[in-house]
Amino acid sequence: MNKKRVLVTGGTGGIGQSIVERLSGDPRYEVSSPARVDLDLESRESIDAYFSEASVYDIVINNAGINFPECIEDIVDKHIQSSLNINLVAPLLIIQKCVPHMKQQRFGRIVNVSSIWGVRSKEKRTLYSATKFALNGVTKSLCRELGPFNILVNSICPGYVNTSLTQRNVTPEEQEIIKKEIPLKRFAEPSEIAESIAFLISENNSYMTGQTLIVDGGFLA
Ligand SMILES: NC(=O)c1ccc[n+]([C@@H]2O[C@H](COP(=O)([O-])OP(=O)(O)OC[C@H]3O[C@@H](n4cnc5c(N)ncnc54)[C@H](OP(=O)(O)O)[C@@H]3O)[C@@H](O)[C@H]2O)c1
């Protein structure tokens, strides 16, 4: 059996680790998840270098992301650049590198990990929402452009997930208040996000493309 080659960015993070574990345990996939020293998403040179040596991928999961919750007056240039580069420009460049092979194979699956703050927003999420709304725009445009080549492109929009990113950005008191507003009364586990992604990239998903799949325990409903 020809294994599908999968690239996962941000594999050291809470959700990324779960994606890597879930897919590495599946004999259909050969998973690569380069560390930041090998693929620094803030650096155009690093992206060019990584893909000059590698590597053809049938499936790309753009998972790495950062979030600096700041009021508009406090946003610093460094955070604007990092957010744009890591959350938006890098996913776009990675897709650009991988699409020629996918087109040739007439098979591809791309999943962009966005957020509920890519379909709605809240205070102190100006930068984060700007990048995640834009990432969903990338998904929608590419769904149209790449559909004729049997390349399916989707965003997944997690709600609150039990990861260090959430622990950093939401105080314990806020967490308790938010849990009361979630119909399922809890945050997601990273493995639950990984499971949804496993569906999106699998052969079971043959017709879903261009979507922003919200996995939030019903929070936005
Ligand atoms: N956690 C949530 O509640 C939640 C909710 C909605 C959406 N999301 C989205 O889900 C994705 C994963 O989130 P998470 O909670 O797992 O985040 P996390 O635990 O903070 O992990 C972030 C990952 O991104 C990588 N990364 C950051 N900057 C990088 C760079 N310059 N080059 C290469 N890798 C870089 C980190 O690598 P290092 O180990 O090198 O730092 C890490 O592997 C993100 O896109 C996030 O926006 C998360």
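Of the 30 residues around the ligand, those that come nearest are T12, N63, Y128, T163 and T166, a residue being counted as near a molecule if one of its heavy atoms lies within 4 Å of it. The model is a predicted one, in which local features need pLDDT of at least 70 and side-chain atom pairs count only at pLDDT 80 or more, whereas totals for chains, interfaces and linings use all residues. Residues are numbered from 1 along each chain as its sequence is written, and side-chain values use heavy atoms, with hydrogens and water left out.

By class, the shell around the ligand is made up of twelve nonpolar, 13 polar and five charged residues, where Ala, Val, Leu, Ile, Met, Phe, Trp, Tyr, Cys and Pro count as nonpolar, Asp, Glu, Lys and Arg as charged, and the others, Gly among them, as polar. Polar atoms of the protein approach the ligand at several points: an oxygen atom of the ligand is 2.7 Å from a polar backbone atom of N63, and a polar side-chain atom of K132 lies 2.9 Å from an oxygen atom of the ligand. In addition, an N or O atom in the side chain of T163 is found 2.8 Å from a nitrogen atom of the ligand. On its own the ligand has 900 Å² of accessible area, of which the protein covers 88%, as computed by the Shrake-Rupley method with a 1.4 Å probe. Two or more residues of the shell are given by each of the elements α1 (14-24), α4 (126-146) and α5 (164-169), and the largest share, four residues, comes from α5; these helices are DSSP runs of H or I with at least four residues, strands being runs of E with at least two, numbered from the N terminus.

S114, in the loop between β4 (108-113) and α4, is buried, with a relative accessible area of 3%, the term buried denoting under 20% relative accessible area with a 1.4 Å probe and protein chains only. The side chain of S114 makes a polar contact with the side chain of N136 at 3.1 Å, a polar contact within protein being a pair of N or O atoms within 3.5 Å of which one must be able to donate a hydrogen and the other to accept it. A polar atom of the S114 side chain also lies 3.4 Å from the backbone oxygen of K132.

F107, which lies in the loop between α3 (77-105) and β4, likewise counts as buried, at 15% relative accessibility. The C-alpha atoms of F107 and N150 are separated by 5.2 Å, although the two residues are 43 residues apart along the chain.

Definitions and conventions
Buried < 20%, exposed > 50% of the residue type's maximum accessible area, 1.4 Å probe, protein only.
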